[in-house]
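Open the model in your viewer and get your selection tool ready. We will go from stop to stop, and at each one you will hear what to pick and what is there.

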Amino acid sequence: MKAKLLERRNPFDKSFISAVHAFPHFLNVWHYHPEIELVYIVQSEGTRFIGDSIQPFEAGQLVMIGEKLPHLWQNNPEYFEKSSGMLAEAITIHFKKDFAGMAFLELPEMMAIQDLLQKADQGILFSKSVAEIVREKMYAIHQAEGFERMMLFLDLLQTLATTQAYNLLSSRGFVHPKEQSGDLRIDKVYSFTFANFRRNISLEEVADIANLNPTAFCRFFKKHTNKNYSRFLNEIRIGYACKLLLEERLNISEVGYASGFNNLSNFNRQFKSLMNISPSLYLKKHQRNKQ
């Protein structure tokens, strides 16, 4: 299922787009765009698809979606009934990473915001308390003009960049992380893993990449990532498997092998452990979007 590219044109006198939407239902298309999207759900409910994340959504949720990250807000069936009178209402901001120039983001004072935009590559769901604060800021931005509008927007980004009340949505395997950790050894492990996850990787082999023995490597990796290496490797593989499933070019067994699993039962077990759903049901959920 190929995601559709949607392109927007910024007004010539604005560096980002804000909008308030109220439709019978949200756009029922699996799509992506070059802009980062910040969306607050005013009223509506259904299922949210972001990368390989499938979760219910409801009023009061605030989500940031990174550039080119496929997504879909699929309303519940009653929203598509002509006589329902229901509305899907949201306020959104779309902007590109270089909305103020890439050199601007590289300023020392912008490091937290730069980190926020990197996290958005996986999709971010913020807490309800943060969402309530940001909702008011989004409405203020929508009504403002000129210099004030830009200052309000930077203040909003700083609010999001300094909160710890959020969850990342899509896995690293669906969108390869662009950030560098600052530790050359862990960066080498990341690069090695993304280049080789489709084949069998032994603990000794990956430990050697970090110039550590296996026991020391396990402690080192857990300290840097808060998870063991096998969990990290399976997250990469399952994220990649989700991408292959959505493309619908391979059957489930072929997807498992192409993602680095040596047997179908292990693939099914690991997929359900990480995604809380079987590969076949995951695929069926996405196939409904085309109907």
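The tour below visits a pocket and then some helix pairs.

Before you start, note that this is a predicted model, in which local features need pLDDT of at least 70, side-chain atom pairs count only at pLDDT 80 or more, and totals for chains, interfaces and linings use all residues. Residues are numbered from 1 along each chain as its sequence is written, and side-chain values use heavy atoms, with hydrogens and water left out.

**Stop 1: the largest pocket**

Select Gln-122, Leu-168, Ser-170, Lys-227 and Glu-235; of the 32 lining residues, these are the closest to the centre of the largest pocket. The space in this pocket comes to about 890 Å³. (A pocket is an open set of points on a 1 Å grid over the protein atoms alone, where a 1.4 Å probe fits, with protein on both sides within 12 Å along at least five of seven lines; lining residues have an atom within 4 Å of a point. The volume is the space filled by probe spheres set on the points, which are joined across faces, edges and corners.)

Now colour the lining by class: 12 residues are nonpolar, 13 polar and seven charged. (Ala, Val, Leu, Ile, Met, Phe, Trp, Tyr, Cys and Pro count as nonpolar, Asp, Glu, Lys and Arg as charged, and the others, Gly among them, as polar.)

Which helix gives the most to the lining? Select H8 (229-247), which supplies five residues. (Helices are DSSP runs of H or I, at least four residues, and strands runs of E, at least two, numbered from the N terminus.)

**Stop 2: H8 and its partners**

Keep H8 and add H5 (184-196). The axes of H5 and H8 come within 10 Å and cross at roughly 45 degrees, so H5 is oblique to H8. (Axes are lines fitted to C-alpha atoms over the stretch in contact, with angles from 0 to 180 degrees between N-to-C directions; oblique covers what is left after under 35, over 145 and 65 to 115 degrees.) Show side chains: Val-189, Tyr-190, Thr-193 and Phe-194 of H5 meet Tyr-229, Phe-232, Leu-233 and Ile-236 of H8. (Contact means heavy atoms within 4.5 Å.)

Next, swap H5 for H11 (279-287). H8 and H11 pack at about 50 degrees, with axes 10 Å apart. Here Cys-242, Leu-245 and Leu-246 of H8 meet Pro-279, Tyr-282, Leu-283 and His-286 of H11.

**Stop 3: H3 and H4**

Finally, select 128-143 (H3) and 146-161 (H4), which pack at about 165 degrees with axes 9 Å apart. That angle makes H3 roughly antiparallel to H4.
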